[in-house]
Amino acid sequence: MSQKAMDSAIRYRPAESRDAKGIRSILGYYIETSTASWRYENMDLVYYENMIANHQKPNRPFYVAEKDNQIIGFGYLDTFRAPEGYWPCVEDSVYVHPDHTGQGIGRRLLKLIIDSGRDSGLKTIIAAIDGENKTSIKLHQEFGFTINGILKSVAWKYNSFRDLVYMQLILDQETCD
């Protein structure tokens, strides 16, 4: 099957509450097997249902990639930090089911959330990435994110300290000058 045919079989759409189980399954995989998430345990289904419900705002987009009625990836923008002074800044998250990586799904999801953030008037998107996740760092760089800091040994997972790479994409350059 050609890449174009594979792409056409994938549907990208806003997340709905019915997607919570698929989203939970994908994130559960990364929690249990990798350092892409620093959580130790997956959250319950209600957590994901509430997360989707809380993203029903223009400046908090949440998209899924669906193929054959199965969620195979998701991406969303969320609050970067809690105080209201940070409101024009968000943090991104993108995850793709391990059986579907390397097919451009993460790239398409990242583009969707960046475009949605820009269209809703957000200022900046922050990516917080495990220092050894070179694939995610490279993907973000392809979209114009720059590395703005590395926090050494700020997390602990799999019997080792983890570095956090902070990357930034300024959506509205005019207001920076």
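Q: In this predicted model, which residues in H5 do Gly106, Arg107 and Leu110 in H4 meet?
A: The model is predicted, so the contacts here are those of a computed structure. H4 covers residues 105-119 and H5 covers residues 134-142. Sorted by class, their contact has two nonpolar, two polar and two charged residues. On the H5 side, the partners of Gly106, Arg107 and Leu110 are Leu139, His140 and Glu142.

Q: Are H4 and H5 parallel, perpendicular or oblique to each other?
A: Their axes come within 11 Å and cross at roughly 45 degrees. An angle under 35 degrees would count as roughly parallel, and 65 to 115 as roughly perpendicular, so roughly 45 degrees fits neither. H4 passes H5 in a right-handed crossing. The pair is therefore oblique.

Q: Where around H5 do its buried residues lie?
A: Ser136, Ile137, Leu139 and His140 are the buried residues of this helix. Around the axis they cover an arc of only 165 degrees. Lys134, Thr135 and Lys138 are exposed on the other side. The arc therefore puts the buried set on the same side of H5.

Q: What covers the buried residues of H5?
A: The buried residues in question are Ser136, Ile137, Leu139 and His140. One helix and several strands are included in their cover. Those elements include H4, strand E4 (89-96), strand E5 (124-130), E6 and E7.

Q: Which residue just after H5 takes a positive phi?
A: The backbone just past this helix has a phi of about 95 degrees. The residue with that value is glycine 144.

Q: Is phenylalanine 145 buried or exposed?
A: Phenylalanine 145 sits in the loop between H5 and strand E6 (146-157). Setting aside neighbours within four places in sequence, its contacts include Ile114, Ile125, Ile126, His140 and Met167. Its relative accessible area is 3%, and the cut-off for burial is under 20%. Phenylalanine 145 is therefore buried.

Q: How many Å apart in space are phenylalanine 145 and isoleucine 72?
A: Along the sequence, 73 residues separate phenylalanine 145 from isoleucine 72. From C-alpha to C-alpha, the distance between them is 24 Å.

Q: Why do the buried residues of H3 line one face of the helix?
A: H3 runs over residues 45-53, and its buried residues are Tyr48, Met51 and Ile52. In general, an α-helix has 3.6 residues a turn, so residues three or four places apart point the same way. Looking down the axis of H3, the buried residues line one face because they fall within an arc of 95 degrees.

Q: Which helix is included in what covers the buried residues of H3?
A: Strand E2 (62-67) and strand E3 (70-79) are part of the cover. Tyr48, Met51 and Ile52, the buried residues of H3, also appear among the H3 residues met by residues such as Ile23, Leu27 and Ile31 in H2. The helix in the cover is H2 (20-33).

Q: What is the orientation of H2 to H3?
A: The two axes come within 9 Å and cross at roughly 115 degrees. That makes H2 roughly perpendicular to H3. The crossing itself is right-handed.

Q: How many nonpolar residues does the contact of H2 with H3 have?
A: From H2 come Ala20, Lys21, Ile23, Arg24, Leu27 and Ile31, while H3 brings Leu45, Tyr48, Glu49, Met51 and Ile52. By class, there are no polar residues, three charged ones and, as the nonpolar count, eight.

Q: Is serine 116 buried or exposed?
A: Serine 116 has its place in helix H4. Beyond neighbours within four places in sequence, it is in contact with Pro58, Pro61 and Tyr63. Its relative accessibility is 14%, so serine 116 counts as buried.

Q: What is the relative accessible area of threonine 124?
A: Threonine 124 lies in strand E5. Not counting residues up to four places away in sequence, it touches Pro88, Cys89, Val90, Gln168, Leu169, Ile170 and Leu171. Threonine 124 is buried, with a value of 7%.

Q: Is asparagine 69 buried or exposed?
A: Asparagine 69 is in the loop between E2 and E3. Its phi is near 65 degrees, a positive value in a residue other than glycine. With a relative accessibility of 69%, asparagine 69 counts as exposed.

Conventions
Residues are numbered from 1 along each chain as its sequence is written. This is a predicted model: local features need pLDDT of at least 70, side-chain atom pairs count only at pLDDT 80 or more; totals for chains, interfaces and linings use all residues. Side-chain values use heavy atoms; hydrogens and water are left out. Axes are lines fitted to C-alpha atoms, for helices over the stretch in contact, and angles run from 0 to 180 degrees between N-to-C directions. Helices (H or I, at least four residues) and strands (E, at least two) are DSSP runs, numbered from the N terminus. Angles under 35 degrees count as roughly parallel, over 145 as roughly antiparallel, 65 to 115 as roughly perpendicular and the rest as oblique. A crossing is left-handed if the near helix is turned anticlockwise from the far one by less than a right angle, and right-handed if clockwise. Contact means heavy atoms within 4.5 Å. Ala, Val, Leu, Ile, Met, Phe, Trp, Tyr, Cys and Pro count as nonpolar, Asp, Glu, Lys and Arg as charged, and the others, Gly among them, as polar. Buried means under 20% relative accessible area, exposed over 50%, partly exposed in between (1.4 Å probe, protein chains only). The arc is that of the directions from the helix axis to the C-beta atoms.
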